[in-house]
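Biologist: Hi! Could you walk me through this structure, one bit at a time?

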Amino acid sequence: MWRKAYRDGGRRFRLAALRLFARALGLAPLIPPPPASPEAACRNEQRMIRRLATRGVTVPEVLDAGPRHLVLSDLGETLAAACRREPCPLRRRELIARGLAAIAELHARGVWVSQAFARNMVVAGDRIGFIDFEEDPATVMPRRAAKARDILFFVQSTARFLEDQPQALAALLHDELVRESPAVREEVRRVVRRLWWVPPIARHFGRRSRAVADALMVLAMVLV
Ligand SMILES: Nc1ncnc2c1ncn2[C@@H]1O[C@H](COP(=O)(O)OP(=O)(O)O)[C@@H](O)[C@H]1O
Ligand SMILES: [Mg+2]
């Protein structure tokens, strides 16, 4: 089991800057929800877990709850860790495909997650689980944008595991996107189109910026 304690997060300035940027460019999926107090984050995590569990999504069980902490059942290794230690490119591709399928499945059930990064997804036996729900993006954006956000975050966090096979990632994304509604696809498309100028710049910076560049390029292969 995991004991998760909620503290006041820093990063207020960076989040405010990102909010301004996302709003100025009309990119709803990238708008960060406002920072929550530890108590609010803790309540939100429980609310999201309940909502997702009701829709049949694999999430941890809440074993104990206080105002600023939760004890959650262990779901297993994160998808990020599983990808990192998997030397076989085909099996890595398989893991990413399972992650994308899990996101498509929960979207089809009418829900979305909070931050669909590979480090917030878990390989729970033959299922993919989800963790880390301190914020609900749907409080600051329409549901279609929250779903687009899931796809964008997932691609940004996994592109590096298929760096050597961008075509394969594009094919997986194509299969995922055809399962989404046209409104969700349009949200993803708008982000990729409006950020056309980012990849050429971002690839000259550190690993994180390169991941953003790679994700946008792969999505552009599928969408444009
Ligand atoms: N229920 C769980 N099952 C498996 N791993 C977990 C679980 N809860 C937390 N973890 C591990 O702890 C890390 C941090 O937890 P998370 O809920 O993502 O909090 P945060 O990212 O806000 O610190 C996760 O990336 C994962 O490695
Ligand atoms: Mg996390």
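Modeller: Sure, we can talk about the metal site, a sheet, a pocket and a few single residues. Keep in mind that this is a predicted model.

Biologist: Great, metal first. Which residues coordinate the magnesium ion (ligand 2)?

Modeller: Asn120, through OD1, and Asp132, through OD, coordinate the magnesium ion at 2.1 to 2.2 Å.

Biologist: And where in the chain do asparagine 120 and aspartate 132 lie?

Modeller: Asparagine 120 lies in the loop between α4 (89-108) and β5 (121-124), and aspartate 132 lies in the loop between β6 (127-130) and α5 (143-158). The pair therefore ties together parts that are 12 residues apart in sequence.

Biologist: Is asparagine 120 buried or exposed?

Modeller: Asparagine 120 counts as buried, because its relative accessibility is 4% and the cut-off for buried is under 20%.

Biologist: What about the backbone of aspartate 132, what is its phi?

Modeller: Phi of aspartate 132 is near 75°, which is a positive value in a residue other than glycine. For context, most residues other than glycine have a negative phi.

Biologist: Okay, switching to strands. In what order do the three strands of the open sheet come?

Modeller: The order is β4-β5-β6, and the pairing is antiparallel. β4 and β6 stand at the edges with a single partner strand each, so one side of each has no neighbour in the sheet.

Biologist: How many bridges join β4 to β5, and over how many do β5 and β6 pair?

Modeller: Two bridges join β4 to β5, while β5 and β6 pair over four bridges. Both pairs run antiparallel.

Biologist: Which residues stand opposite each other there?

Modeller: Between β5 and β6, methionine 121 stands opposite phenylalanine 130, and valine 122 stands opposite glycine 129. On the β4 side, glutamate 77 stands opposite valine 123 in β5.

Biologist: How many residues are between β5 and β6 in their hairpin?

Modeller: There are two residues between them. Glycine 125, in the turn, has a positive phi of about 65°.

Biologist: Are the residues on the faces of β5 buried or exposed?

Modeller: Both faces of β5 are covered. Met121 and Val123 on one side are buried, and so are Val122 and Ala124 on the other.

Biologist: Now pockets! What is the volume of the second largest pocket?

Modeller: The second largest pocket has a volume of about 320 Å³. Of the 17 residues that line this pocket, the closest to its centre are Trp2, Lys4, Leu72, Ile131 and Asp132. You have met Asp132 already, as one of the residues that coordinate the magnesium ion.

Biologist: Which elements give two or more residues to that lining?

Modeller: Those are β1 (2-5) and β4 (77-78). The largest share, three residues, comes from β1.

Biologist: What classes of residue make up the lining of the second largest pocket?

Modeller: The lining has six nonpolar, four polar and seven charged residues.

Biologist: Let's try some side chains. What does the side chain of threonine 58 make a polar contact with?

Modeller: The side chain of threonine 58 makes a polar contact with the side chain of arginine 127, at 3.0 Å. Threonine 58 is in the loop between α2 (38-54) and β2 (62-65), and it counts as buried at 14% relative accessibility.

Biologist: And glutamate 61, is it buried or exposed?

Modeller: Glutamate 61 lies in the loop between α2 and β2, and it is exposed, with a relative accessible area of 53%. Its C-alpha atom is separated by 38 Å from that of alanine 220, a residue 159 positions away along the chain.

Biologist: What about serine 157, where does it lie?

Modeller: Serine 157 lies in helix α5 and counts as buried at 11% relative accessibility. A polar atom of its side chain lies 2.9 Å from the backbone nitrogen of alanine 118.

Biologist: Last one: where is alanine 170?

Modeller: Alanine 170 is in helix α6 (residues 166-177), and it counts as buried at 9% relative accessibility. The C-alpha atoms of alanine 170 and methionine 221 are separated by 6.6 Å, although these residues are 51 residues apart along the chain.

Technical notes:
Residues numbered from 1 in each chain as written. Chains lettered and ligands numbered in written order. Predicted model: local features only at pLDDT ≥ 70, side-chain atom pairs only at ≥ 80, totals over all residues. Heavy atoms only, no water. Donors = N, O, S within 2.8 Å, 3.2 Å for Na, K, Ca; no water. Buried < 20%, exposed > 50% of the residue type's maximum accessible area, 1.4 Å probe, protein only. 1 Å grid on protein atoms, 1.4 Å probe; cavity = no way out; pocket = protein on both sides within 12 Å on 5 of 7 lines; lining within 4 Å. Points joined across faces, edges and corners; volume = space filled by probe spheres on them. Nonpolar A, V, L, I, M, F, W, Y, C, P; charged D, E, K, R; others polar. Pairing = 2+ DSSP bridges. Polar contact = N/O pair within 3.5 Å; in protein donor to acceptor, adjacent residues only side chain to side chain.
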